Amino acid sequence: MELAKNKIYRCQIIDYTADGTGLAKIDGRAVFVPRTAVGDQCDVRITKVTKSVAFGRLEKLVVPSGVRIQPACPVADKCGGCCYQHITYEEELRAKEKKVRDALTRIGGLDGTVLAGITGAPTTEHYRNKAQYPVGRDVDGNIVTGFYRPRSHDIVPVGRCLIQSETADRIAAIVRQWMRDFDVPPYDYQTKRGAVRHIYVRVGEKSGESQLTLIAATRKMPALSELICRLREAEPSLTGILINHNQRGDNVILGDRTDVLWGEPMLEDRLCGHSFLLSPEAFYQVNHAQAERLYECAVSFAGLTGQETVLDLYCGAGTITLTLAPHAKTVIGVEIVPEAVENARQNAARNGMDNVEFLCADAGQAARQLAARGVAPDVLVVDPPRKGLDEQARDAILKMRTPRVVYVSCDPATLARDLRELTGAGYVMEKAQAFDLFPRTGHVETVVLLSKLNTKQHIEVELNLDELDLTAAESKATYDEIKAYVLEKYGLKVSSLYISQVKRKCGLNVGPNYNLSKKEDAKVPQCPPEKEAAIMEALKHFGMV
């Protein structure tokens, strides 16, 4: 039966999507319902129907889920910043762990049981050390700051955010009042007119310092001296007040030029025992306590003895680089942003690290430079942006054939995509651990260890599997039937060997009959990820898993 738009259906929420939206099945079709919890029995109004899925709005909560709580945030149902304010933190962690595991399995074609679990945060409130408040007007024309509604430029006014630092909220309130008092107009994305685009506040968790960067769309700004005076008087933690000039017409927050209005151009903080100076452009994890746990895990996975050469791609201001340095012989950080590289070099010198160096290059360029110098890394660490590894980085990793790769990811989907490429080219996923650095939001970090497959330790096995005696529980489909299904549905040809490898991963018996190769140093061809995923679907289709 086709779902009808605007019609109300009763259903139960059975899962969450990657962004925290509740998922229900109505008449066999997936329906996405925001702000719901697994276990909710509810009435849902259908708002949109596509060929494969539908979208709905919660109309009535009939029986609340046992994991549902009253949101502490008064605008939790409007603001696009958080998606998990309405469920317990234990349920949020369960959802995030499942998100990572599902990505590894469904997108990566990998064994999701390798994920050891998820490390929760010690606190879910006021943990962010970086706040970027958009500035605009409400329906009455009043100047407001807050956060965008989902998928819009409509600002939800927020005076006190439960995940931002209280220092950042205080500074934003001072700037907001100054704009009202001196008629400083906020930037309007539709008319492309106005003065202030964003209020950007960064706080040092350990240093106690704070820094304000005003993002301006115009070269001239009235009453800046008054703003500086008010800020210095009201917020003693401020060590720098900056203005960033951004006259672009897109959604990029920071422009290319930053000037110091008062104080220091950089903010100081301490992380993993090291001191860092941070420019507004520098990448720095927003959750200090969890970042230390994350980096400690990355160092542990790297398995360093003090004799290794380590390459740190996407090194930013050098936070991971310096964390690795005490445990390695040499660490080389690579970053394409010149300002970040300069920042990283200053941080290395500041901490007396003489076994690190930084290259301003992309991954491909760095690989060629190191090869020309005869440098072959023993361990590679990557911490890419949300879009994951670019093609050059993946190619560089495969060409360098580094024995161990530690991948730090902020997006399970792009992580799984990259792991699929790397494991299909000779790497094996050894272990993984998830970390919640962003409580109450849909984001999650993951650390993965990959090792290069040593073919000399593997023996080629020639199997004749089509004649095996199968148990009744596993005889629902023959190897030929599985091959035919995969070929018809996916256009892929798969061998009996590949089918047996996937069945073994699922714990299915493939029988004792096999022939060992007479070669002493032969390798077993491994099932490519895309074929493994197709075989898995076939096993599910035939009810074997």
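Strands are DSSP runs of E covering at least two residues, numbered from the N terminus. In this predicted model, one such strand is β17, which spans residues 330–335 and includes I332. I332 makes a good starting point for a newcomer. With a relative accessible area of 2%, I332 falls under the 20% cut-off and therefore counts as buried. Beyond its neighbours within four places in sequence, I332 is in contact with T309, V310, L311 and D312, as well as with E357, L359, L370 and V375. I163 offers a point of reference elsewhere in the chain: its C-alpha atom is separated from that of I332 by 34 Å, and the two residues are 169 residues apart along the chain.

Attention now turns to a pair of helices. The axis of α7 (residues 363–372) comes within 7 Å of the axis of α8, and the two cross at roughly 25°. Because this angle is under 35 degrees, α7 is roughly parallel to α8. On the α7 side, the contact is made by A363, G364 and A367, while α8 contributes Q392, A393, A396 and M400. Sorted by class, this contact has 5 nonpolar and 2 polar residues, with no charged ones.

Helix α8 also appears in the surroundings of α9, a helix of 12 residues (412–423). From first C-alpha to last, α9 reaches 16 Å, close to the 16 Å expected at 1.5 Å a residue. At its N-terminal end, D411 acts as a cap, with a side-chain oxygen 3.0 Å from the backbone nitrogen of A413. The buried residues of α9 are P412, T414, L415, A416, D418, L419, L422 and T423. Their cover includes the helices α1, α8 and α12, together with the strands β20, β21 and β22.

Conventions:
Residues are numbered from 1 along each chain as its sequence is written. This is a predicted model: local features need pLDDT of at least 70, side-chain atom pairs count only at pLDDT 80 or more; totals for chains, interfaces and linings use all residues. Side-chain values use heavy atoms; hydrogens and water are left out. Helices (H or I, at least four residues) and strands (E, at least two) are DSSP runs, numbered from the N terminus. The expected span of a helix is 1.5 Å times one less than its number of residues. Buried means under 20% relative accessible area, exposed over 50%, partly exposed in between (1.4 Å probe, protein chains only). Contact means heavy atoms within 4.5 Å. A polar contact is a pair of N or O atoms within 3.5 Å; within protein, one must be able to donate a hydrogen and the other to accept it, and residues adjacent in sequence count only if both atoms are side-chain atoms. Axes are lines fitted to C-alpha atoms, for helices over the stretch in contact, and angles run from 0 to 180 degrees between N-to-C directions. Angles under 35 degrees count as roughly parallel, over 145 as roughly antiparallel, 65 to 115 as roughly perpendicular and the rest as oblique. Ala, Val, Leu, Ile, Met, Phe, Trp, Tyr, Cys and Pro count as nonpolar, Asp, Glu, Lys and Arg as charged, and the others, Gly among them, as polar.
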